[in-house]
Amino acid sequence: MSDAVADVSGAAGVAETAAAAARPEKEAEKEAEASPTAGLPLRPALEAVLMVVDEPVTAGHLAKVLDRRPREISDALRELSDEYTVQGRGFDLRHVAGGWRFYTRAAYAPAVEGFVLDGQQSRLTQAALETLAVVAYRQPVSRSRVSAVRGVNCDGVMRTLLQRGLIAEAGTEDGTGAILYRTTNYFLERMGLRGLDELPELAPFLPDADAVEGESQEGVPSFDVDDET
């Protein structure tokens, strides 16, 4: 009788052990069912998502969408970027403005411009580029200070930069109440920069706006947007 009890007890122990071993598998199956992206191959999944983004996306966001660890996502993104470079692909995967996004490779810019522009140019004028540079290095900065640095009224050019999303309002200046402006993430994206700290060291060579005559130009009538001085 005791042998029979021992056999039953032993069988029960084996059953419990098998059930315990099966639990992680069942839990994993449930997790896979709950997260349809967890079972996808990582690199093709990243490529599929990056094909549809319209602005740089962070590794953390991608990790959440694909149900992976951020470190795993970051490593895979760098591997893909290196792979595209080695293969000489026409596109590139870059880390800019705090996130990742596909870009056409610079060597093939003429082909892209020929297709997109079809003979039309939509680049910024020299005046707009100069104004944008002043904002980038002096930000946050008012229109009057930008005009003082450039020596001409920049109101129309500033509106053009605002319309294109390259600069944005950043509060008001203490004392004068003048609107301040800064560059945007879109500016970083278009310039291919991770952050403002990657700007070339040119700020020390810009004249001090406080020492330039004609600083107070906020009241000057606005030019037309197309009148980029």
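Q: In this predicted model, in which loop does serine 35 lie?
A: Serine 35 belongs to neither of the two helices that flank it, H1 (2-34) and H2 (42-50). In this predicted model, its place is the loop between helix H1 and helix H2.

Q: Is serine 35 buried or exposed?
A: The relative accessibility of serine 35 is 13%, and the cut-off for a buried residue is under 20% relative accessible area. Serine 35 therefore counts as buried.

Q: What distance separates the C-alpha atoms of serine 35 and valine 65?
A: Serine 35, from the loop between H1 and H2, and valine 65 are 30 residues apart along the chain. In space, the separation of their C-alpha atoms is 9.4 Å.

Q: How are helices H3 and H4 oriented to each other, in terms of the angle classes?
A: Helix H3 (residues 59-66) packs with helix H4 (residues 70-87) at an angle of about 110°, and their axes are 8 Å apart. Angles of 65 to 115 degrees form one class, so the orientation of H3 and H4 is roughly perpendicular.

Q: Which residues of H4 are met by H3?
A: From H3, the residues that take part are Ala59, Leu62, Ala63 and Leu66. By class, the contact of H3 with H4 has seven nonpolar residues, one polar residue and no charged residues. On the H4 side, the residues met are Pro70, Ile73, Ser74 and Leu77.

Q: What is the geometry of the aromatic pair formed by the rings of tyrosine 84 and phenylalanine 91?
A: The ring centres of tyrosine 84 and phenylalanine 91 are 4.8 Å apart, and centres within 6.5 Å are needed for a pair. Their planes stand at 65°, where the cut-off for the class is over 60 degrees, so the pair is edge-to-face.

Q: Which strands hold phenylalanine 91 and phenylalanine 102?
A: Phenylalanine 91 and phenylalanine 102 form an edge-to-face aromatic pair, with 5.4 Å from centre to centre and 80° between the planes. The pair links distant parts of the chain, its two residues being 11 residues apart. Phenylalanine 91 is in strand E1 (residues 91-96), and phenylalanine 102 is in strand E2 (residues 99-104).

Q: Which residue of the cluster of Tyr84, Phe91 and Phe102 is partly exposed?
A: Tyr84, Phe91 and Phe102 form one aromatic cluster. Tyrosine 84 has a relative accessible area of 1% and is buried, and phenylalanine 102, with 16%, is buried as well. At a relative accessible area of 27%, the partly exposed residue is phenylalanine 91.

Definitions and conventions
Residues are numbered from 1 along each chain as its sequence is written. This is a predicted model: local features need pLDDT of at least 70, side-chain atom pairs count only at pLDDT 80 or more; totals for chains, interfaces and linings use all residues. Side-chain values use heavy atoms; hydrogens and water are left out. Axes are lines fitted to C-alpha atoms, for helices over the stretch in contact, and angles run from 0 to 180 degrees between N-to-C directions. Helices (H or I, at least four residues) and strands (E, at least two) are DSSP runs, numbered from the N terminus. Angles under 35 degrees count as roughly parallel, over 145 as roughly antiparallel, 65 to 115 as roughly perpendicular and the rest as oblique. Contact means heavy atoms within 4.5 Å. Ala, Val, Leu, Ile, Met, Phe, Trp, Tyr, Cys and Pro count as nonpolar, Asp, Glu, Lys and Arg as charged, and the others, Gly among them, as polar. Rings of Phe, Tyr and Trp (its six-membered ring) pair if their centres lie within 6.5 Å; planes under 30 degrees apart count as stacked, over 60 as edge-to-face and the rest as tilted. Buried means under 20% relative accessible area, exposed over 50%, partly exposed in between (1.4 Å probe, protein chains only).
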